[in-house]
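The following exercises concern a predicted model. Each task is followed by a solution that proceeds step by step.

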Amino acid sequence: MKLDLKRFAQQPGGALPFQFQLDLSDVEWSGTRPFTRPIQVKGEVRNRAGAMMLTVRLDTILSLACDRCAKPFERGKTVEYETLLALELANGENDDIVVAGPDGELELDGLMREVFLLEMDTKNLCDPDCKGLCPGCGVDLNVEKCRCKREIDPRLAKLAQLLEPEKADQ
């Protein structure tokens, strides 16, 4: 989607609302394709005394796999983004300002794609208390106890023997 900012910049006090869907189904993230549904993009550009402000909200439901237990799950994701817009910059520095193309149009698809991907979580858990998988036997520790027989470090074997009679008393 493109917004014509050149014409809008000459309308002080105006608002330019927009809404569209962004398809990221081709994006692979951490070995999976979590974008099974389109991202709903809704926002507006406001022109206040010649300063244009872009405000956007992006919403979707992601299909993820837990990083601890590998169980598939879905989670809603919302990203809110706000930035200043400009047709051109005099000093060339644009750290916090998005500059429109040479024709005065702003290409929203690429910008919203970048904004959403930068806000993706690096770790996805089905539950904050997820116990994950046992590294020995591979059992899901959320469902059942580990079947591994614990090996005692030979250097600590004598210490383990001291604790055994204590267990019998309980």
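Three exercises follow, on cysteines, aromatic rings and a surface patch.

**Exercise 1.** Determine how many disulfides the model contains, and examine Cys 126 and Cys 137.

*Solution.* Step 1: the criterion requires two cysteine sulfur atoms within 2.5 Å. Step 2: applied to the model, this criterion gives 0 disulfides. Step 3: for Cys 126, the nearest cysteine sulfur belongs to Cys 66 and is 3.7 Å away, so Cys 126 is in no disulfide under the 2.5 Å limit. Step 4: for Cys 137, the nearest cysteine sulfur is that of Cys 134, 3.7 Å away, and Cys 137 is likewise in no disulfide. Step 5: with a relative accessible area of 25%, Cys 126 is partly exposed; Cys 137, at 33%, is also partly exposed.

**Exercise 2.** Classify the aromatic pair of Phe 35 and Phe 116, and state which parts of the chain it ties together.

*Solution.* Step 1: the whole structure holds 2 aromatic pairs. Step 2: in the pair of Phe 35 and Phe 116, the centres are 5.9 Å apart and the planes make an angle of 65 degrees. Step 3: an angle over 60 degrees counts as edge-to-face, so this pair is edge-to-face. Step 4: Phe 35 lies in the loop between strand E2 (15–22) and strand E3 (39–48), whereas Phe 116 belongs to helix H2 (residues 108–118); the pair therefore ties together parts 81 residues apart in sequence. Step 5: both residues, Phe 35 and Phe 116, are buried.

**Exercise 3.** Identify the residues of the nonpolar surface patch that includes Leu 162, and decide whether Leu 162 is buried or exposed.

*Solution.* Step 1: Ile 152, Leu 156, Leu 159 and Leu 162 make a nonpolar surface patch of about 420 Å². Step 2: Leu 162 is located in helix H3 (residues 157–169). Step 3: the relative accessible area of Leu 162 is 62%; since exposed means over 50%, Leu 162 is exposed.

Note on methods:
Residues are numbered from 1 along each chain as its sequence is written. This is a predicted model: local features need pLDDT of at least 70, side-chain atom pairs count only at pLDDT 80 or more; totals for chains, interfaces and linings use all residues. Side-chain values use heavy atoms; hydrogens and water are left out. Buried means under 20% relative accessible area, exposed over 50%, partly exposed in between (1.4 Å probe, protein chains only). Rings of Phe, Tyr and Trp (its six-membered ring) pair if their centres lie within 6.5 Å; planes under 30 degrees apart count as stacked, over 60 as edge-to-face and the rest as tilted. Helices (H or I, at least four residues) and strands (E, at least two) are DSSP runs, numbered from the N terminus. Patches are made of residues with over 30% relative accessible area and no salt bridge: like charges are joined within 9 Å, nonpolar side chains (Val, Leu, Ile, Met, Phe, Trp, Tyr) within 5 Å. Accessible areas come from the Shrake-Rupley method with a 1.4 Å probe; for residues, only the protein chains shown count as cover. A salt bridge is a side-chain nitrogen of Lys or Arg within 4 Å of a carboxyl oxygen of Asp or Glu.
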